[in-house]
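Work through the three exercises below with the model open. Try each task before reading its solution.

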Amino acid sequence: MSSVAAYPTTWRRPPQIVKDRRWRIALQIGIFVYLVLAISTVDVNWSRVYEGLERGQRFAMGFLQPDFTSRWTDISRGLIESLTMTLTSTVVGVIISVPVGIGAARNLVPRSVYYVCRGIIAVSRALQEVIIAIFLVAMFGFGPFAGFLTLSFATIGFIAKLLADDIEEIDEAQAESIRATGASWVQLINYAIQPQVMPRLIGLSLYRLDINFRESAVIGIVGAGGIGATLNTAIDRYEYDSAGAVLLIIILIVMVAEYSSSYLRKFLQ
Amino acid sequence: MTEIAHYSEVWRHRTPRKRLFMWMGWLALVALFVWCWQLMTENTMWYFVLDAPRQAADIGGRMVPPRWSYLPELMQPLWDTINIATLGTIGGVIMAVPVAFMAARNTTPSQTILRPMALFIIVTSRSINSLIWALLLVAIIGPGLLAGIVAIALRSIGFVGKLLYEAIEETDARQIEAIEATGASGAQVLSYGIVPQIMPAFWGISVFRWDINIRESTILGLVGAGGIGLKLQASLNTLAWSQVTVILLLILATVVLSEWVSARMRQAII
């Protein structure tokens, strides 16, 4: 009888991630203390928020009843700038990032070239597009040309890194067999590497096209042209219905780009 | 002594027809590029572009040496930035969990209404950058940390929601069935069948997003949403380039550190 009574009737789920009980308690206390400290630094002006709610409501109405017509010339100009900027910067960025990516593949080039190319990639990836845009706008003046340069620069880091990682993971047997025919380095790239990485490179370029459009909407805020500039102006003028229209256009184009690029990538691979 | 004809033929990767199509494709791309380039540079002032190297040298000259005495002033904004990212991530994750459960095919309460709605929320949140969210929120609820936190949270919903709902859809159906076979209610199935399976993915995604949010919150101040970006904006407006250098180096250090922390944490979890 006693053994039956001792049999546990309840079961507690064992902890999954932090197994030690003391660590768990310490973590919970630490998180609690941090949250108290962090939330205490956020001083919210509630009367301002309350005032703003009415404005928020107007914005929501503007989003539901967007006004495409009254600022259509501005919107269409921003849109053309954004789209052209996206395409040209992706093309130029990919063209530059192919040699950089090959140079950053450990299995193809000598060490010195490898470090230089990895350095270029690291610099391009470390800084945000918006910060680069600030500098390029200061150097090249306002307008889509600065935006084009920003996006090309950001594209180099993205494509070159993923391409280099992809080249490092190729099937060595194929490269070996091309080498065994006495092929030169250029022939090796052309016949062993390129066929293996080309589908992925095209896929990455399409993906980057998609990202570049999204980013082109952002860098306009700091003066690099495109639809972001139009959006910034609309919000500064408190024209929430025009801003809603711009946002809807951005969402629509991003959706179309995402679906068509994922379809194309499936078709190509 | 006649040579066999086909030996002398040069091997080619593709048939002539395919090659023709490929050349047409490349030609179309080049034409499109040239056309876009002309449209884009219609209003470009080439005078400014040609002037750029001189400008770059000028700015570069003003940026060094960095004004290190500015560093102590930056600690409070840096703390704010980290708080924006962390609190924003927490808020975003809290909102993303129900959205993810509504969007996953195997847990959604209704395929026809709630699932498309959840997917729309995810797409909207993903396609609008946090800087644009911040721009809107600063106009609506006023400048300050709250706008930044809400912007980061709204932006995180899409990212976390998308990855989490994919994780939910990949759960092992047999484990869920086993829980169901014990006579568990819907909530119990969720709690004992699905949640333990997605827990590692959940923490991994959250930490990953936190890392991205640190990166993004450093620039939110440019539109008035608090943090170190405010200082950056102030320094840029007063053309204090030596302070800009200090801020950029600090941002870089923070980003690298947060990347390291998130990589370590994800390694520990998964």
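**Exercise 1. How many residues does each chain give to the contact, and which elements of chain A take part?**

Step 1. Chain A gives 46 residues and chain B gives 48 residues. Two residues are in contact if their C-beta atoms, placed from the backbone, lie within 7 Å.
Step 2. Elements of chain A giving two or more residues to the side that touches chain B include α2 (21-41), α3 (46-64), α4 (72-103) and α11 (240-268). Helices are DSSP runs (H or I, at least four residues), numbered from the N terminus.
Step 3. α4(A) supplies the largest share of that side, 7 residues.
Step 4. Sort that side of chain A by class: 31 nonpolar, 11 polar and 4 charged residues. Ala, Val, Leu, Ile, Met, Phe, Trp, Tyr, Cys and Pro count as nonpolar, Asp, Glu, Lys and Arg as charged, and the others, Gly among them, as polar.

This is a predicted model: local features need pLDDT of at least 70, side-chain atom pairs count only at pLDDT 80 or more, and totals for chains, interfaces and linings use all residues. Residues are numbered from 1 along each chain as its sequence is written, with chains lettered from A and ligands numbered from 1 in the order in which they are written.

**Exercise 2. Find the domains of chain A.**

Step 1. Domain 1 covers 21-60 and domain 2 covers 69-268; the bounds come from an automatic or database domain assignment.
Step 2. Their C-alpha centres lie 36 Å apart.

**Exercise 3. Which residues of α7(B) and α9(B) meet?**

Step 1. In α7(B), take B:Gly148, B:Ile152 and B:Phe159, among others.
Step 2. Their side of the contact faces α9(B) residues including B:Ile194, B:Phe202 and B:Arg209.
Step 3. The contact divides into 12 nonpolar, 5 polar and 2 charged residues.
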